[in-house]
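Me: I am new to this structure. Please take a close look at one part: the protein surface that faces the DNA. Which residues make it, and how do they meet the strands?

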Number of protein chains: 2
Amino acid sequence: MNIGQAANHSGVSAKTIRYYESIGLIPEASRTESGYRRYGDKDVETLRFIHHSRNLGFSVKDVGMLLDLWRNQKRASADVKALALSHIAEVDRKIEELRKMRDTLTHLTQRCHGDDRPDCPILEELAGETIDA
Amino acid sequence: MNIGQAANHSGVSAKTIRYYESIGLIPEASRTESGYRRYGDKDVETLRFIHHSRNLGFSVKDVGMLLDLWRNQKRASADVKALALSHIAEVDRKIEELRKMRDTLTHLTQRCHGDDRPDCPILEELAGETIDA
DNA sequence: ATTGACCTTCCAGCTTCTGGAATCTTTATA
DNA sequence: TATAAAGATTCCAGAAGCTGGAAGGTCAAT
(Lines give C-alpha, C1' and ligand atoms only; values in the text may rest on other atoms or scores of the structure.)
Protein backbone atom coordinates (compact mmCIF):
# COMPACT_ATOMS: atom_id res chain seq x y z
CA MET A 1 0.00 0.00 0.00
CA ASN A 2 0.99 3.65 -0.40
CA ILE A 3 1.92 5.98 2.40
CA GLY A 4 -1.58 7.42 2.68
CA GLN A 5 -3.10 4.03 3.32
CA ALA A 6 -0.40 3.20 5.83
CA ALA A 7 -1.16 6.51 7.53
CA ASN A 8 -4.87 5.75 7.72
CA HIS A 9 -4.33 2.29 9.07
CA SER A 10 -1.73 3.28 11.65
CA GLY A 11 -2.88 6.65 12.89
CA VAL A 12 0.48 8.20 11.99
CA SER A 13 0.22 10.91 9.32
CA ALA A 14 2.04 10.49 6.02
CA LYS A 15 4.11 13.52 6.84
CA THR A 16 5.14 12.03 10.15
CA ILE A 17 5.91 8.64 8.62
CA ARG A 18 8.37 10.34 6.27
CA TYR A 19 9.78 12.20 9.22
CA TYR A 20 10.26 8.99 11.21
CA GLU A 21 12.03 7.51 8.24
CA SER A 22 14.27 10.56 7.90
CA ILE A 23 15.44 10.33 11.50
CA GLY A 24 15.95 6.59 11.27
CA LEU A 25 13.20 5.54 13.67
CA ILE A 26 11.87 3.26 10.96
CA PRO A 27 13.91 1.79 8.10
CA GLU A 28 13.67 3.24 4.61
CA ALA A 29 10.60 1.96 2.84
CA SER A 30 10.98 0.14 -0.42
CA ARG A 31 9.78 2.00 -3.49
CA THR A 32 7.66 1.42 -6.53
CA GLU A 33 9.17 2.04 -9.96
CA SER A 34 7.92 5.59 -9.88
CA GLY A 35 9.33 6.24 -6.45
CA TYR A 36 6.29 5.85 -4.21
CA ARG A 37 6.98 4.30 -0.82
CA ARG A 38 5.44 0.86 -0.32
CA TYR A 39 4.18 -0.48 2.99
CA GLY A 40 2.97 -3.85 4.17
CA ASP A 41 0.93 -5.01 7.14
CA LYS A 42 4.07 -5.48 9.16
CA ASP A 43 5.03 -1.87 8.61
CA VAL A 44 1.60 -0.70 9.63
CA GLU A 45 1.89 -2.76 12.78
CA THR A 46 5.17 -1.06 13.57
CA LEU A 47 3.68 2.35 12.94
CA ARG A 48 0.79 1.54 15.23
CA PHE A 49 3.23 0.45 17.90
CA ILE A 50 4.97 3.78 17.54
CA HIS A 51 1.71 5.67 17.62
CA HIS A 52 0.62 3.97 20.83
CA SER A 53 3.97 4.54 22.45
CA ARG A 54 3.94 8.21 21.56
CA ASN A 55 0.41 8.50 22.90
CA LEU A 56 1.70 7.21 26.20
CA GLY A 57 4.24 9.99 26.23
CA PHE A 58 7.37 8.02 25.41
CA SER A 59 9.96 10.16 23.66
CA VAL A 60 10.89 9.25 20.12
CA LYS A 61 14.21 8.06 21.45
CA ASP A 62 12.48 5.80 23.96
CA VAL A 63 10.22 4.53 21.22
CA GLY A 64 13.35 3.55 19.32
CA MET A 65 14.50 1.51 22.29
CA LEU A 66 11.07 -0.06 22.70
CA LEU A 67 11.09 -1.02 19.04
CA ASP A 68 14.47 -2.67 19.47
CA LEU A 69 13.20 -4.60 22.46
CA TRP A 70 10.05 -5.52 20.61
CA ARG A 71 11.97 -6.91 17.66
CA ASN A 72 14.49 -8.70 19.82
CA GLN A 73 13.04 -12.10 20.70
CA LYS A 74 15.63 -12.55 23.40
CA ARG A 75 14.97 -9.37 25.35
CA ALA A 76 14.29 -9.59 29.03
CA SER A 77 10.91 -8.25 30.02
CA ALA A 78 12.75 -6.57 32.89
CA ASP A 79 14.38 -4.23 30.39
CA VAL A 80 11.03 -3.17 29.03
CA LYS A 81 9.59 -2.76 32.47
CA ALA A 82 12.53 -0.67 33.61
CA LEU A 83 12.02 1.69 30.68
CA ALA A 84 8.33 1.95 31.43
CA LEU A 85 8.86 2.53 35.14
CA SER A 86 11.38 5.22 34.49
CA HIS A 87 8.90 6.86 32.16
CA ILE A 88 6.19 6.65 34.78
CA ALA A 89 8.50 8.38 37.22
CA GLU A 90 9.04 11.15 34.71
CA VAL A 91 5.32 11.52 34.11
CA ASP A 92 4.75 11.69 37.84
CA ARG A 93 7.36 14.38 38.13
CA LYS A 94 5.61 16.43 35.48
CA ILE A 95 2.23 15.95 37.08
CA GLU A 96 3.60 17.12 40.38
CA GLU A 97 5.16 20.16 38.78
CA LEU A 98 1.90 21.07 37.08
CA ARG A 99 -0.06 20.45 40.22
CA LYS A 100 2.13 22.91 42.12
CA MET A 101 1.65 25.46 39.39
CA ARG A 102 -2.07 25.04 39.45
CA ASP A 103 -2.22 25.40 43.22
CA THR A 104 -0.30 28.63 43.12
CA LEU A 105 -2.34 29.92 40.20
CA THR A 106 -5.58 29.03 41.91
CA HIS A 107 -4.44 30.74 45.05
CA LEU A 108 -3.57 33.87 43.11
CA THR A 109 -6.77 34.05 41.12
CA GLN A 110 -8.91 33.55 44.18
CA ARG A 111 -7.47 36.68 45.69
CA CYS A 112 -8.10 38.74 42.57
CA HIS A 113 -11.57 40.28 42.52
CA GLY A 114 -11.56 40.31 38.73
CA ASP A 115 -13.62 43.38 37.99
CA ASP A 116 -12.86 46.64 36.18
CA ARG A 117 -10.67 48.02 38.93
CA PRO A 118 -6.94 47.98 38.23
CA ASP A 119 -5.55 46.57 41.45
CA CYS A 120 -4.69 42.93 41.03
CA PRO A 121 -2.93 40.62 43.48
CA ILE A 122 -1.88 38.36 40.63
CA LEU A 123 0.35 40.99 39.09
CA GLU A 124 1.53 42.12 42.50
CA GLU A 125 2.67 38.66 43.42
CA LEU A 126 4.27 38.03 40.07
CA ALA A 127 6.27 41.18 40.64
CA GLY A 128 7.12 40.18 44.21
CA GLU A 129 9.75 37.97 45.75
CA THR A 130 8.10 34.78 46.67
CA ILE A 131 6.92 32.69 43.78
CA ASP A 132 8.60 29.33 43.46
CA ALA A 133 5.90 27.07 42.09
CA MET B 1 24.74 46.90 36.46
CA ASN B 2 25.92 44.49 33.77
CA ILE B 3 23.94 41.60 32.41
CA GLY B 4 25.56 39.07 34.76
CA GLN B 5 24.45 40.99 37.81
CA ALA B 6 20.97 41.40 36.40
CA ALA B 7 20.91 37.68 35.79
CA ASN B 8 21.94 36.89 39.37
CA HIS B 9 19.40 39.25 40.84
CA SER B 10 16.52 38.14 38.66
CA GLY B 11 17.02 34.42 38.24
CA VAL B 12 17.02 34.77 34.47
CA SER B 13 20.31 33.76 32.84
CA ALA B 14 22.30 36.27 30.83
CA LYS B 15 21.80 34.15 27.78
CA THR B 16 18.07 34.16 28.27
CA ILE B 17 17.94 37.89 28.94
CA ARG B 18 19.56 38.48 25.57
CA TYR B 19 17.11 36.05 24.04
CA TYR B 20 14.15 37.88 25.57
CA GLU B 21 15.50 41.11 24.20
CA SER B 22 15.94 39.58 20.75
CA ILE B 23 12.32 38.46 20.58
CA GLY B 24 11.06 41.77 21.90
CA LEU B 25 9.74 40.55 25.23
CA ILE B 26 11.81 43.20 26.92
CA PRO B 27 12.98 46.46 25.33
CA GLU B 28 16.55 46.85 24.15
CA ALA B 29 18.85 47.65 27.03
CA SER B 30 20.90 50.81 26.95
CA ARG B 31 24.61 50.33 26.45
CA THR B 32 27.86 51.51 27.93
CA GLU B 33 30.39 53.16 25.66
CA SER B 34 32.03 49.83 25.03
CA GLY B 35 28.77 48.13 24.17
CA TYR B 36 27.89 46.35 27.40
CA ARG B 37 24.19 46.23 28.23
CA ARG B 38 23.19 48.23 31.30
CA TYR B 39 20.40 47.31 33.70
CA GLY B 40 18.73 49.08 36.59
CA ASP B 41 16.58 47.89 39.49
CA LYS B 42 13.46 48.43 37.42
CA ASP B 43 14.78 46.08 34.76
CA VAL B 44 15.62 43.47 37.33
CA GLU B 45 12.10 43.76 38.70
CA THR B 46 10.73 43.14 35.23
CA LEU B 47 12.98 40.14 34.75
CA ARG B 48 11.87 38.74 38.05
CA PHE B 49 8.26 39.20 37.01
CA ILE B 50 9.01 37.29 33.85
CA HIS B 51 10.84 34.57 35.75
CA HIS B 52 7.94 34.06 38.12
CA SER B 53 5.44 34.00 35.29
CA ARG B 54 7.46 31.44 33.38
CA ASN B 55 7.77 29.34 36.52
CA LEU B 56 4.00 29.26 36.68
CA GLY B 57 3.93 27.89 33.16
CA PHE B 58 2.75 30.95 31.30
CA SER B 59 3.96 30.96 27.71
CA VAL B 60 6.33 33.72 26.67
CA LYS B 61 3.50 35.19 24.66
CA ASP B 62 1.26 35.22 27.71
CA VAL B 63 4.05 36.76 29.72
CA GLY B 64 4.16 39.55 27.15
CA MET B 65 0.48 40.19 27.75
CA LEU B 66 0.93 40.06 31.50
CA LEU B 67 3.74 42.58 31.23
CA ASP B 68 1.50 44.89 29.23
CA LEU B 69 -1.22 44.59 31.83
CA TRP B 70 1.28 45.11 34.60
CA ARG B 71 2.61 48.30 33.04
CA ASN B 72 -0.81 49.62 32.18
CA GLN B 73 -2.15 51.43 35.24
CA LYS B 74 -5.64 51.43 33.78
CA ARG B 75 -5.98 47.70 33.18
CA ALA B 76 -8.96 45.89 34.60
CA SER B 77 -8.05 43.17 37.05
CA ALA B 78 -10.66 41.08 35.22
CA ASP B 79 -8.37 40.93 32.20
CA VAL B 80 -5.52 39.55 34.28
CA LYS B 81 -7.80 37.09 35.99
CA ALA B 82 -9.20 35.87 32.69
CA LEU B 83 -5.71 35.19 31.41
CA ALA B 84 -4.83 33.33 34.59
CA LEU B 85 -8.03 31.29 34.60
CA SER B 86 -7.53 30.28 31.01
CA HIS B 87 -4.02 29.20 31.87
CA ILE B 88 -5.29 27.19 34.81
CA ALA B 89 -7.68 25.42 32.49
CA GLU B 90 -4.81 24.56 30.19
CA VAL B 91 -2.71 23.27 33.08
CA ASP B 92 -5.64 21.15 34.22
CA ARG B 93 -5.98 19.72 30.75
CA LYS B 94 -2.33 18.73 30.73
CA ILE B 95 -2.54 17.20 34.18
CA GLU B 96 -5.50 15.13 33.10
CA GLU B 97 -3.69 13.97 29.99
CA LEU B 98 -0.65 12.94 32.01
CA ARG B 99 -2.79 11.22 34.57
CA LYS B 100 -4.41 9.11 31.90
CA MET B 101 -1.01 8.20 30.56
CA ARG B 102 0.22 7.24 33.96
CA ASP B 103 -2.81 5.10 34.66
CA THR B 104 -2.36 3.17 31.45
CA LEU B 105 1.36 2.84 32.02
CA THR B 106 0.86 1.64 35.55
CA HIS B 107 -1.67 -0.88 34.38
CA LEU B 108 0.75 -2.16 31.76
CA THR B 109 3.74 -2.44 34.03
CA GLN B 110 1.79 -4.24 36.70
CA ARG B 111 1.03 -7.01 34.30
CA CYS B 112 4.66 -7.38 33.25
CA HIS B 113 6.56 -9.76 35.46
CA GLY B 114 9.79 -7.96 34.71
CA ASP B 115 12.31 -10.78 34.89
CA ASP B 116 14.70 -12.28 32.34
CA ARG B 117 12.00 -13.98 30.32
CA PRO B 118 11.14 -12.36 27.03
CA ASP B 119 7.35 -12.31 27.13
CA CYS B 120 6.11 -8.88 28.02
CA PRO B 121 2.52 -7.59 28.09
CA ILE B 122 3.78 -4.03 27.72
CA LEU B 123 5.14 -4.67 24.24
CA GLU B 124 2.18 -6.82 23.35
CA GLU B 125 -0.26 -4.11 24.20
CA LEU B 126 1.75 -1.42 22.48
CA ALA B 127 1.58 -3.57 19.36
CA GLY B 128 -2.14 -4.18 19.80
CA GLU B 129 -5.24 -2.27 18.90
CA THR B 130 -6.50 -0.69 22.00
CA ILE B 131 -4.30 1.99 23.47
CA ASP B 132 -5.85 5.42 23.54
CA ALA B 133 -4.41 7.02 26.65
C1' DA C 1 51.96 42.74 30.31
C1' DT C 2 49.18 39.20 31.33
C1' DT C 3 45.58 36.62 33.36
C1' DG C 4 40.85 35.68 34.12
C1' DA C 5 36.30 37.00 34.40
C1' DC C 6 33.09 39.31 31.93
C1' DC C 7 30.93 40.91 27.89
C1' DT C 8 29.76 40.94 22.62
C1' DT C 9 27.65 38.68 18.21
C1' DC C 10 26.30 34.94 15.49
C1' DC C 11 25.30 30.28 14.30
C1' DA C 12 23.69 25.75 15.45
C1' DG C 13 21.03 22.43 17.86
C1' DC C 14 17.59 20.57 20.88
C1' DT C 15 12.33 18.05 20.16
C1' DT C 16 8.66 16.63 17.22
C1' DC C 17 6.57 17.46 13.98
C1' DT C 18 3.67 20.56 10.51
C1' DG C 19 2.84 23.65 6.56
C1' DG C 20 3.74 24.89 2.10
C1' DA C 21 5.81 25.17 -2.54
C1' DA C 22 6.95 23.02 -6.81
C1' DT C 23 6.62 18.94 -9.27
C1' DC C 24 5.46 14.08 -10.62
C1' DT C 25 2.18 9.78 -10.88
C1' DT C 26 -2.00 7.51 -10.78
C1' DT C 27 -6.79 7.14 -11.36
C1' DA C 28 -11.24 8.53 -12.77
C1' DT C 29 -14.27 10.94 -15.56
C1' DA C 30 -16.13 13.60 -19.66
C1' DT D 1 -8.09 10.86 -25.28
C1' DA D 2 -7.73 14.88 -22.69
C1' DT D 3 -7.84 16.55 -18.44
C1' DA D 4 -8.59 17.16 -13.77
C1' DA D 5 -8.37 15.61 -9.05
C1' DA D 6 -6.14 12.99 -5.68
C1' DG D 7 -2.14 11.55 -3.89
C1' DA D 8 2.76 11.02 -4.08
C1' DT D 9 7.71 13.14 -4.12
C1' DT D 10 11.51 16.47 -2.20
C1' DC D 11 13.08 20.32 0.22
C1' DC D 12 12.86 24.42 3.05
C1' DA D 13 11.08 26.89 6.92
C1' DG D 14 8.90 27.55 11.29
C1' DA D 15 6.94 26.47 15.61
C1' DA D 16 8.77 27.19 21.59
C1' DG D 17 12.15 28.43 24.46
C1' DC D 18 16.04 28.36 25.23
C1' DT D 19 21.23 26.54 25.48
C1' DG D 20 25.98 25.72 23.90
C1' DG D 21 29.88 27.12 21.65
C1' DA D 22 33.12 29.75 18.81
C1' DA D 23 35.67 33.94 18.01
C1' DG D 24 36.66 37.93 19.83
C1' DG D 25 36.41 42.63 22.70
C1' DT D 26 36.70 44.80 27.69
C1' DC D 27 37.70 45.40 32.44
C1' DA D 28 40.01 44.85 36.91
C1' DA D 29 43.72 43.08 39.30
C1' DT D 30 48.34 41.39 39.65
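Reply: **Where protein meets DNA**

By class, the surface near DNA strand D has 6 nonpolar, 7 polar and 5 charged residues. Nonpolar means Ala, Val, Leu, Ile, Met, Phe, Trp, Tyr, Cys and Pro; charged means Asp, Glu, Lys and Arg; the others, Gly among them, are polar. A residue is near a strand if one of its heavy atoms lies within 4 Å of it.

This is a predicted model: local features need pLDDT of at least 70, side-chain atom pairs count only at pLDDT 80 or more, and totals for chains, interfaces and linings use all residues. Residues are numbered from 1 along each chain as its sequence is written, chains are lettered from A and ligands numbered from 1 in written order, and side-chain values use heavy atoms, with hydrogens and water left out.

Stay with strand D. It has 18 residues around it, and Arg18(A), Lys15(B), Tyr20(B), Tyr36(B) and Arg54(B) come nearest. Of the strand D atoms within 4 Å of the protein, 65% belong to sugar or phosphate, and the rest to bases.

Now the polar contacts (pairs of N or O atoms within 3.5 Å). Thr16(B) places a polar side-chain atom 2.9 Å from a phosphate oxygen of strand D. Ser34(B) also has a polar side-chain atom 2.9 Å from a phosphate oxygen of this strand. Tyr36(A) meets a base instead: a polar atom of its side chain lies 2.8 Å from a base nitrogen of strand D.

Two elements give two or more residues to this surface: helix H1 (3-10) of chain A and helix H2 (14-22) of chain B. Helices here are DSSP runs (H or I) of at least four residues, numbered from the N terminus. H2(B) gives the most, with 4 residues.

Turn to strand C. Around it are 18 residues; the nearest are Lys15(A), Tyr20(A), Arg54(A), Gly4(B) and Arg18(B). Their surface divides into 6 nonpolar, 7 polar and 5 charged residues. Sugar or phosphate accounts for 68% of the strand C atoms within 4 Å of the protein; the rest belong to bases.

Ser34(A) has a side-chain N or O atom 2.9 Å from a phosphate oxygen of strand C. Ile3(B) uses its backbone: an N or O atom there lies 3.5 Å from a phosphate oxygen of strand C. Tyr36(A) returns here, with a side-chain N or O atom 3.3 Å from a base oxygen of strand C.

Helix H2 (14-22) of chain A and helix H1 (3-10) of chain B each supply at least two residues near strand C. H2(A) gives the most, with 4 residues.

Methods:
Polar contact = N/O pair within 3.5 Å; in protein donor to acceptor, adjacent residues only side chain to side chain.
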